[in-house]
Amino acid sequence: MEHILSLLVFFPAMAGLLGFLVAKESIRAYGISVSAIEFFLSIILWIGYDSTNAGYQFVEYYPFISSYGMSYYLGVDGISLFLVILSTFITMIALIALSIEKEIKNLIISVLFLEMTMVGVFVILDVIWFYAFWELSLVPMLYIIGAWGSVNRMYAAIKFFLYTFAGSVLMLVGILYMGFLYHEATGIWSFALPDWYLLQVPFETQLWLFGAFFLAFAIKVPMFPFHTWLPYAHGQAPTIGSIILAAVLLKMGSYGFVRFSLPLFPDASVYFLIPVAVICIIMVIYAAMIAYAQKDMKQVIAYSSISHMGIVVLGTFAMNAEGITGSIFLMLSHGIVSGALFMLVGVIYDRRHTKLMSDFGGLASVMPNFATIYGIMLMASVGLPLSIGFVGEFLSLVGFYRISWVMTLLAGTGIILGAVYMLVLYKKSFFGEVVHAENKTLKDLNAKELTALIPLVALVAILGIYPKPVLSVIDMSVQKMLVLMDQKAVLQETKELLFKANTIGGTN
Amino acid sequence: MENYLYTALFAPLASSLFVALFAARPKMLFTGIVASLLIAISMIASFVLLIDVNTYGPLHVSMMDWISAGNLEIPFGFVVDEVSVIMMVTVTLVSTIVHIYSIGYMDHDKSFNRFFSYLSAFVFSMMILVMSDNFVGLFIGWEGVGLCSWLLIGFWYHKHSASWAANEAFIMNRIADLGMLMGLFLIYWSVGSFQYDEFFASLKTMDSTLLATIGLFLFIGAMGKSAQFPLHTWLADAMEGPTPVSALIHAATMVTAGVYLVIRCGELYTLIPDVGFAIASLGAFVALFAASMALVNNDLKRIIAYSTLSQLGYMFVAAGLGAYWIALFHLMTHAFFKSLLFLGAGNVMHAMHDELNIKKMGGLYGSMKATAILMSVASVALAGIYPFAGFFSKDKILEVAFNEGAYFLWFALFIGAGLTAFYSFRLVMLVFFGEKEYEKYGIHPHEAQPFVIYALLPLGLLAIVSGFLEHTFEGFVTRLLAQYEIHIEHGTEALLIAATLGIALSGIAFAVYMYRRGGFPKSWEERFCYKLLSNQYYIPKLYELYIMRPFSALANFAWQKIDTKVVDLTVDLIAKMVYSTGEKSRKMQSGNLSDMLRWMVVGMIGLLILAFVYRPMV
């Protein structure tokens, strides 16, 4: 168990390297086995995780370039644990559902490398390494979109790469400056996040640093107005790319807020709370409206991701355990639900080679199983209670209500607008008569697709009915982080807001 | 007793899941029978609990934890007290009958199995709604019934109108749900818990503005489910669903969930009489408003739907004015006679091959006597004629309005009573009596299967006798709900009852008189009033013109203009600028030595200026 995190990070990449030696015929089975082993490793991690300990566990620390304070430093806590499991799980499911034949070997190796960077981002505690994984994650995705995408794939891939890359450059400056600050204060260099957590940063500096990190995270999430790469990327990416992008890569941004922005710069986070919340509300409403206007099924889900990520970030900035725990849970649930929805769109695209809703209609009578699973995911997406989607959304909104009820009301319109675009999509595609002759002979889900989708359906129900094992682990680490924020805050107002946000009573 | 509680709650779930296994297969009779049996078991368990609560008092169980984060703890907890047990009994009783009825009604439907799965899922959601011991648990049921309503309204999904109506219902309810959620959030941050008992216990410590805000938010939620103005349009459109669904969901149970919420939060609304009065006023308005639309409609099911809307208004008047037990009583009696009315209408529809226009019926009494009698009984009960059930419950509501000094509300309800009697008998007359219009369309109506009629008999019986349970009922539920004393002098009270009975009877008499003589002249249909009413006050049209279309236009604008033309173009412009700068400055690298020397001089001058102007740390 000592090196389980290193194993989790590098096993997929090593297996990916070995994959070059595997014969083309057996590469799919190889990829699925590797991702399944990786998934079981992450489950072992959860089993071994001590849920009474809010701090970092399975810590591995080796000096790397000690003269500059760089180290190889791994650890997992309640905030990252389930994001790791989400990454390994979604990779496995996406590989099971994979239907691409062309150059499949390279694709699977790319996915395995991508898995390394995803797990790496979530468990690494050294910020330089974090930056490396963060940027490395772009490469396999660039390749996946650029090589296996649709017609306009080059534009989309390059846009995705350059946009997110440009955003991260400022973060690098921020990281270096933060390291410099640490050196100023203590006389030693360190890029270890737990060390940085102990550093109180002056308010003015916090504002600048918050901004530098914010841009990188905001582009990744993606937050309005930095979101336009996402529709292109989803529009052109192959199904597996969209699934991983929506389910995991976007969560890196929102994870960044929880892991970096809030605990490192508590005063700046509180200072920028309202502007960030305004952006979130714009995301929720604006993206939902655009989703409604789409004609392409995949674009609806792409924009709905933006809308949901608005709630995620809003919950994070609620500054209380309810909201932050909720927003992390919402990251998980959105990962599962949007992953499933993209997979479902892939299923129908494989059969019809179109994603336009006007080309469908009446699918419910031709493909009842497909329609049922789509319906379940749709209901999870609109946040129906007892489905996974409700828990995180409810907690995020509950949390933010403490900050501002008007803003919560505005963000809450997401539950209405979400129902609008999703139900309209469902009506256009699944209800009505079968008008197109091609649709009359469509085959329902096959065994491979069911194997991939049924675990997702099961999770939607299980974590909707009994989310507590997950929530309690997240909650403990979140509460620890809130204490840290309170200790580190330099301004009295910040402490007051944190106190108010976490106390019952005195509302009006 | 816990076992009975779990049986009552989970038997419908078991039914739904079991039947769902066969959902995709062609009709299998046993799915309907198994579902009906399991719902009946739930009903029996509910009756056992009723007796138990009567003897030993309420039952409260906590099944397991659900959500916990920060200070927030939400369990799956259930409470069977005087109010919830009444709801459970009403819901399961009507549900059992509707399930049995549906075996006959859905006989020829190819999705027979799927129907029973949905119907049982609805019963389960409704049981969660009424049995939950906290607001979020209630919200599970609240959304669950919304989902089932969506599935069942859109059951015949190949019809555009059905799936449209299903979406309309879901979305309208979601609008209201947001209000309700806001109320829940406010409750949480004021009390720190969603449990009913903790919330009610801390009511005294909260100031009245806070209470009023909570009360209003919760009522917005109630307005959606109970289809109160202006969120009422979905209910009439929901008649696209199969008729048993209309009877169960859109008459007897789900739509009364809003009333249940207000009754459940009676302790809250008692403290904020102004909000209560606003609820009552809205209720009285809807009572009259909906009844007026029922006057001219020719659609068999829509008339009954408007009538439901109107009766919900009555219930809200009682609940708003603090007479919670009376509201609950009317809720119960209404569930019996209104579901009977709908199920009877289902028989008529089957006989008429799904024809809904009552102008094309007439004279059906000859071929379907049993249905005609049952529907007449239900109509008399609805009109509020002694000794039928509606008389006891509805008359009480009028007395409450009078007792509170809300004479205006009383008058509205009084007129409403007359209208109710008129439209009910207009329907009965046009469907069962008069000229046999259907012969022109070559239809040969036939009575429903005997077991369907037998299934309706209990409802018929209850529509007649349940009014006499008034005092038992009052004694039982007022253990939990506030007492309500009516202080009207005996003489005045008798006069009021006589007046109400009088207007109801004259409504009936007028309807019978007019439609015996062939109804109103055709020319009336040209009048403004008629058009206004038959177009539902043009409200659906207004919604389409001023909400749906602008929303679509704005959405398209946001996508095609703002997102692609402004936001994305800016990004591309920046990228292009970088690219073109590189492209242009490439010319500097001409490879010509003198060019390079010139650029070197430019660079040196630039650096010198910089060194001169910018001097840090001096």
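# Exercises on a predicted two-chain model

In chain A, A:Glu60 has A:Leu74 of strand E2(A) as its bridge partner. The structure is a predicted model, and its scores are ipTM 0.94 and pTM 0.94.

## Exercise 1. The hairpin of chain A

Task: Determine in which sense strands E1 and E2 of chain A pair, and over how many bridges.

Solution.
1. Locate the strands: E1(A) covers residues 57-65, and E2(A) covers residues 70-76.
2. Establish the pairing: the two strands run in the antiparallel sense, with 6 bridges between them. The pair A:Glu60 and A:Leu74 provides an example of bridge partners.
3. Examine the turn: 4 residues separate the strands of this hairpin, and A:Gly69 in the turn has a positive phi of about 70°.
4. Consider the surroundings of E2(A): a residue is buried if 20 or more other C-beta atoms lie within 10 Å of its own. Since 5 of the 7 residues of E2(A) are buried, the strand is largely enclosed by the rest of the structure.

## Exercise 2. The hairpin of chain B

Task: State how many residues lie between strands E1 and E2 of chain B, and which residue there takes a positive phi.

Solution.
1. Identify the strands: E1(B) spans 59-69, while E2(B) spans residues 72-80.
2. Describe the pairing: it is antiparallel and has 9 bridges. Within it, B:Ser68 stands opposite B:Glu73.
3. Inspect the connection: 2 residues lie between the strands, and B:Gly70 takes a positive phi near 60°.

## Exercise 3. The span of two helices

Task: Compare the span of helix H7(A) with the value expected at 1.5 Å a residue, and do the corresponding check for H6(B).

Solution.
1. For H7(A), residues 153-186, the 34 residues should span 50 Å at 1.5 Å a residue.
2. The end C-alpha atoms of H7(A) are 49 Å apart, which agrees with that expectation.
3. For H6(B), the 32 residues reach 46 Å from the first C-alpha to the last, close to the expected 46 Å.
4. Look just past each helix: A:Gly187 follows H7(A) with a positive phi of about 85°, and B:Gly192 follows H6(B) with a positive phi of about 85°.

## Exercise 4. The interface

Task: Which element of chain B supplies the largest share of the side that touches chain A?

Solution.
1. Count the residues on each side: 44 residues of chain B are in contact with 53 residues of chain A.
2. List the elements of chain B that each supply at least two residues: strand E1, and helices H5, H6, H8 and H23.
3. Select the largest share: H6(B) contributes 16 residues.
4. Classify the side of chain B that touches chain A: 26 of its residues are nonpolar, 12 polar and 6 charged.
5. Return to H6(B): this helix is mostly covered, with 27 of its 32 residues buried.

## Exercise 5. Chain B and the nonpolar core

Task: Identify the residues that touch the most other members of the largest nonpolar core.

Solution.
1. Begin with chain B as a whole: its secondary structure comprises 24 helices and 2 strands, and 55% of its 618 residues count as buried.
2. Turn to the core: among its 434 residues, B:Val317 and B:Leu413 touch the most other members.
3. Examine B:Leu413: beyond its neighbours within four places in sequence, its contacts include B:Ala284, B:Tyr314, B:Val317 and B:Ile397.
4. Place this in the context of the chain: of the contacts in chain B with a separation of 6 or more, 81% join residues 24 or more positions apart.

Notes:
Residues are numbered from 1 along each chain as its sequence is written. Chains are lettered from A and ligands numbered from 1 in the order in which they are written. This is a predicted model: local features need pLDDT of at least 70, side-chain atom pairs count only at pLDDT 80 or more; totals for chains, interfaces and linings use all residues. A residue is buried if 20 or more other C-beta atoms lie within 10 Å of its own, exposed if 12 or fewer, and partly exposed in between; C-beta atoms are placed from the backbone. Two strands pair if DSSP finds at least two bridges between them. The expected span of a helix is 1.5 Å times one less than its number of residues. Two residues are in contact if their C-beta atoms, placed from the backbone, lie within 7 Å. Ala, Val, Leu, Ile, Met, Phe, Trp, Tyr, Cys and Pro count as nonpolar, Asp, Glu, Lys and Arg as charged, and the others, Gly among them, as polar. A nonpolar core is a set of buried Ala, Val, Leu, Ile, Met, Phe, Trp, Tyr and Cys residues joined through C-beta atoms within 7 Å.
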